[in-house]
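Here is a short tour of how some helices and aromatic rings come together in this chain. Have a look at the sequence and the structure first, and then let's walk through them.

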Amino acid sequence: MMPRIAILLSLLLVGGFSVADADDAELGAARRLYLLGRYEEAIEQYKSLEGPSHAEIQIGIARCEEALGKDSVPFIRLVIARGTDDDDPVLHAELAKLYFQRGLYDEARASGKTSIDLDENQPLARWIQAELHRVTGKLDKAEKGYEWFVDYYNGADKIDDAESLYLI
């Protein structure tokens, strides 16, 4: 009896990992389409996904829509997504970026702070906070914000995502 349970658990675990790997592969495929500038195809790929988090999908679609010049659509998409994924630091960082781009500095500051509260090492939120200090003339605080990236880079074993490397 016991070996059957072990075999069943093994099959479930292996099956779970393969599903997660497939989801990661599909998410990666959508991201590659985005990076290649094939935004409409990327949107369709993102919309077909079910496994990855809702926030990841909505962020991917919003980035594509932003690249296509759909001015308000990505912003509205992420505000709505925040209602269901309020604990996702990347979502708050993306919102901070969109607020910042629109000159809504108080909202950008609040979203950036929320993102950093959820993940103190969220690079996009850190960048937006530093930029907010720069554009409001708080250059000493901005410099400290930019220095965070040097410390982050020097303290990390490996940074392998393009966005973080770009910001650094």
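## An aromatic cluster

Let's begin with the rings: one aromatic cluster is made up of W127, Y146, W148, F149 and Y152. Please keep in mind as you read that this is a predicted model.

## Helices α7 and α8

The members of that cluster also turn up where two helices meet. Helix α7 spans residues 123-135 and helix α8 residues 139-155; their axes are 7 Å apart and the packing angle is about 155 degrees. Angles over 145 degrees count as roughly antiparallel, and therefore α7 and α8 are described that way. The crossing of α7 past α8 is left-handed.

Which residues meet here? On the α7 side they are P123, R126, W127, A130, E131, H133 and R134, and on the α8 side L139, K141, A142, G145, Y146, W148, F149 and Y152. Sorted by character, the residues of this contact comprise nine nonpolar, two polar and four charged.

## Helices α4 and α5

A second helix pair is formed by α4 (residues 73-84) and α5 (residues 89-101), whose axes come within 10 Å and cross at roughly 145 degrees. Here, too, α4 passes α5 in a left-handed crossing. From α4, the contact draws on P74, F75, L78, V79, A81 and R82, while α5 supplies L91, H92, E94, L95, L98 and Y99. These contact residues divide into nine nonpolar, one polar and two charged.

Helix α5 also holds K97. Is this lysine buried or exposed? K97 has a relative accessible area of 17%, and because buried means under 20%, K97 counts as buried. Apart from neighbours within four places in sequence, K97 is in contact with E66, L124 and I128.

## Pairs of rings

A pair of aromatic rings is described by the distance of the centres and the angle of the planes. The count of aromatic pairs in this model comes to seven. One of them is Y34 with Y39, a tilted pair with 5.9 Å from centre to centre and 55 degrees between the planes. Y39 has a relative accessible area of 24%, so this tyrosine is partly exposed.

F75 and Y99 offer another example: their ring centres are 5.1 Å apart and their planes lie at 80 degrees, so the pair is edge-to-face. This pair links distant parts of the chain, with F75 in helix α4 and Y99 in helix α5, 24 residues apart. Both F75 and Y99 are buried.

Notes: Residues numbered from 1 in each chain as written. Predicted model: local features only at pLDDT ≥ 70, side-chain atom pairs only at ≥ 80, totals over all residues. Heavy atoms only, no water. Axes fitted to C-alpha atoms, helices over the stretch in contact; angles between N-to-C directions. Helix = DSSP H or I, 4+ residues; strand = E, 2+ residues; numbered from the N terminus. Left-handed = near helix turned anticlockwise from the far one by under 90°. Contact = heavy atoms within 4.5 Å. Nonpolar A, V, L, I, M, F, W, Y, C, P; charged D, E, K, R; others polar. Phe/Tyr/Trp six-rings, centres within 6.5 Å; stacked < 30°, edge-to-face > 60°. Buried < 20%, exposed > 50% of the residue type's maximum accessible area, 1.4 Å probe, protein only. Parallel < 35°, antiparallel > 145°, perpendicular 65-115°, else oblique.
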